[in-house]
Amino acid sequence: MRFSIFGLVANAFSGHGRWQRTWRDAVPRDAYDVVIVGGGGHGLATAYYLAKVHGITNVAVIEKSWIGGGNAGRNTTIIRSNYGLEGNTAFYERSMKLWEGLEQDLNYNAMVSQRGVLNLYHSDGQRDAFARRGNAMRLHGVDAELLDTAHVRNMAPYLNFDNARFPVMGGLLQRRGGTARHDAVVWGYARAASDLGVDIIQNCELTGFMRTADGTVVGVETTRGSIRAKKVGVAVAGNSSRVAAMAGLRLPIESHVLQAFVSEALKPIIPGVITFGAGHFYISQSDKGGLVFGGDIDGYNSYASRGNLPTVEDVCEGGMAIMPMIGRARLLRSWGGIVDMSMDGSPIIDRSPIEGLYLNAGWCYGGFKATPASGLAFAHLLATDRPEETAVAYRLDRFATGRIIDEKGQGAQPNLH
Amino acid sequence: MRLPCPYCGQRDSREFVYRGDAAPTRPSSEEGMYDYVYLRDNVPGPMREHWYHAQGCRNWITVTRDTRTHRISAAVLAREDSR
């Protein structure tokens, strides 16, 4: 079933009784060419690109709960490609280009809205760092504009420009950045993958790996039985270490909780995404009107999908400092997601040291924007055993070889990335 | 979350700096350095970890905390912590 304006009108006049199921809820078969563990955005995108680009349709995505119920449904929906380091810039721009064509490609409204991402700066040193990052982006063909105070004042007159500690001196703007509807991204990929023959299996939790005598992974053990597979791809960010431990692997990753917040719905006030990095705060406004905002991770290892109050206070203080008007808005909800904090703040898309087992992990707090390119690159790796050209830097062994990609320059201290 | 500092008693977690898993120990040679610096067990469950009471007694303490529930079962001074 293709979605179109004509279909919508026809269904509207027939009482919306004829819509078909968006995707098939499959029952596991005995064997597949590829089993992907994790029915989030990355896993479903991987399945879709395996089927579409590589013609591998004998694929299952297994998910312990319901699809999109983990971090795919817990993020703040921001898309951007404003990265400055070799290894990151081209990959995230590949993702941005995929976002730009995603809805036509999937025939699904993912509400991709390029409303701009503005990073504020407050000192000469920070401006210089932003100028350097902006230049690196432009050299890779990514759009970036360095704005002065007057430009920012024009875009967001309600900011606290004359804060004594953090006066707003300007910002780095990526106009092509913005937001997308995270649930729709999951459903869109699920529908497109399902249409191409991929089995999406929910309530199917991984309990172990099927191994041969020499250690090769040849399938998965699940709560719904054993499933053989020629290759197994793991895309379970937040729980990557737990799953890797089932195969006897240790990863350069710690699990941390990241909180996010949404206010009651308000009239349109914030045009795009505004980040106040110096104050550990960023904000955007959803199409429904809620102010969606967040800040730092809580800072200690956690598998509890809820945070503690000090971070709530810290985020709200940051918001009040840069945008005093939000003090009048009422907080509607807050929630937490468990993220893979890697040792250099960058992801891993690579073969594991174990034959038959492939890793997609370490997305820190930035996995949502990467969803399309992550799926494309992981599918390429699973299909060809070679890294996709924009993802060659995301090797698992880069920590041993010293080729780390540390945008923030914090070193091996995951809670500071 | 409050941490039971052995010297100061129950104190707000904001007074502490988190250092992470207490299990890795510095190897005497370059061999094992990669494991020590980068690899973590990242356990879901009780975990021994180092916290520094920066805004208190300035002791390093070893806290045993369940990473799924934040329940704390033990806290001792790191220098008295028998491994």
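Trainee: In the hairpin of strand 5 and strand 6 of chain B, which residue in the turn has a positive phi?

Mentor: Keep in mind that this is a predicted model. Strand 5 (residues 60–66) and strand 6 (residues 72–77) of chain B run antiparallel, joined by 5 bridges. Their hairpin leaves 5 residues between the strands, and the one in the turn with a positive phi, about 65 degrees, is B:H70.

Trainee: Which residue in strand 6 of chain B does B:I61 stand opposite?

Mentor: Start from the pairing, which is antiparallel between strand 5 and strand 6 of chain B. Across from B:I61, in strand 6 of chain B, you'll find B:L77.

Trainee: And what pattern does chain B follow along the sequence?

Mentor: Chain B has 1 helix and 6 strands. Its C-alpha atoms fill a box of roughly 40 × 25 × 20 Å along the principal axes, and 18% of its 83 residues count as buried. Among contacts in chain B with a separation of 6 or more, 50% come from residues 24 or more positions apart. Read along the sequence, the pattern is β-β-β-α-β-β-β.

Trainee: Which element of chain B gives the most to the side that touches chain A?

Mentor: The contact draws 19 residues from chain B and 20 residues from chain A. On the chain B side, strand 3 (17–21), helix 1 (33–38) and strand 4 (46–52) each supply at least two residues. The element that gives the most, with 3 residues, is helix 1 of chain B.

Trainee: How do the residues on that side of chain B divide into nonpolar, polar and charged?

Mentor: We're splitting up the 19 residues that chain B brings to the contact with chain A. They divide into 8 nonpolar, 6 polar and 5 charged.

Trainee: Over to chain A. Where is the kink in helix 3 centred?

Mentor: First check the span: 18 residues (89–106) at 1.5 Å a residue should give 26 Å, and the end C-alpha atoms of helix 3 of chain A are 25 Å apart, which agrees. There's still a kink of about 45 degrees in helix 3 of chain A, and the residue at its centre is A:E100.

Trainee: What do the buried residues of helix 3 of chain A pack against?

Mentor: The buried set includes A:F91, A:Y92, A:W99 and A:L102. Just after the helix, A:N107 takes a positive phi of about 50 degrees. As for the packing partners of those buried residues, they are strand 3 (78–79), helix 4 (124–139), helix 6 (182–195) and helix 9 (371–384) of chain A.

Trainee: Helix 9 of chain A, then: how many of its 14 residues are buried?

Mentor: Helix 9 of chain A reaches 20 Å from its first C-alpha to its last, close to the 20 Å expected at 1.5 Å a residue. Its buried residues include A:P372, A:F378 and A:H380, and just after the helix A:D385 takes a positive phi of about 65 degrees. The helix is largely enclosed by the rest of the structure, because the buried count is 12 of the 14.

Trainee: Is A:C364 buried or exposed?

Mentor: A:C364 sits in the loop between strand 18 (357–361) and helix 9 of chain A. Phi there is near 50 degrees, a positive value in a residue other than glycine. The cut-off for burial is 20 or more C-beta neighbours within 10 Å; A:C364 has 22, so it counts as buried.

Trainee: And A:H16, buried or exposed?

Mentor: A:H16 also isn't a glycine, yet has a positive phi of about 55 degrees. Its place is the loop between helix 1 (5–13) and strand 1 (31–37) of chain A. With 9 C-beta neighbours inside 10 Å, A:H16 counts as exposed.

Trainee: In the hairpin of strand 9 and strand 10 of chain A, which residue takes a positive phi?

Mentor: Strand 9 (residues 206–211) and strand 10 (residues 217–222) of chain A pair in the antiparallel sense over 5 bridges, with A:M210 opposite A:G219. The hairpin has 5 residues between the strands, and the residue with a positive phi, near 100 degrees, is A:G215.

Trainee: Last one: what distance separates the centres of domain 1 and domain 2 of chain A?

Mentor: The domain assignment gives domain 1 as 24–75 + 183–252 + 344–410 and domain 2 as 113–176 + 254–342. Their contact takes 18 residues from domain 1 and 11 residues from domain 2. The domain 1 side divides into 8 nonpolar, 8 polar and 2 charged. Taken over C-alpha atoms, the centres are separated by 29 Å.

Conventions:
Residues numbered from 1 in each chain as written. Chains lettered and ligands numbered in written order. Predicted model: local features only at pLDDT ≥ 70, side-chain atom pairs only at ≥ 80, totals over all residues. Pairing = 2+ DSSP bridges. Helix = DSSP H or I, 4+ residues; strand = E, 2+ residues; numbered from the N terminus. Contact = placed C-beta atoms within 7 Å. Nonpolar A, V, L, I, M, F, W, Y, C, P; charged D, E, K, R; others polar. Expected span 1.5 Å × (residues − 1). Bend = angle between axes of the 7 residues up to and from the residue. Domains from an automatic or database assignment.
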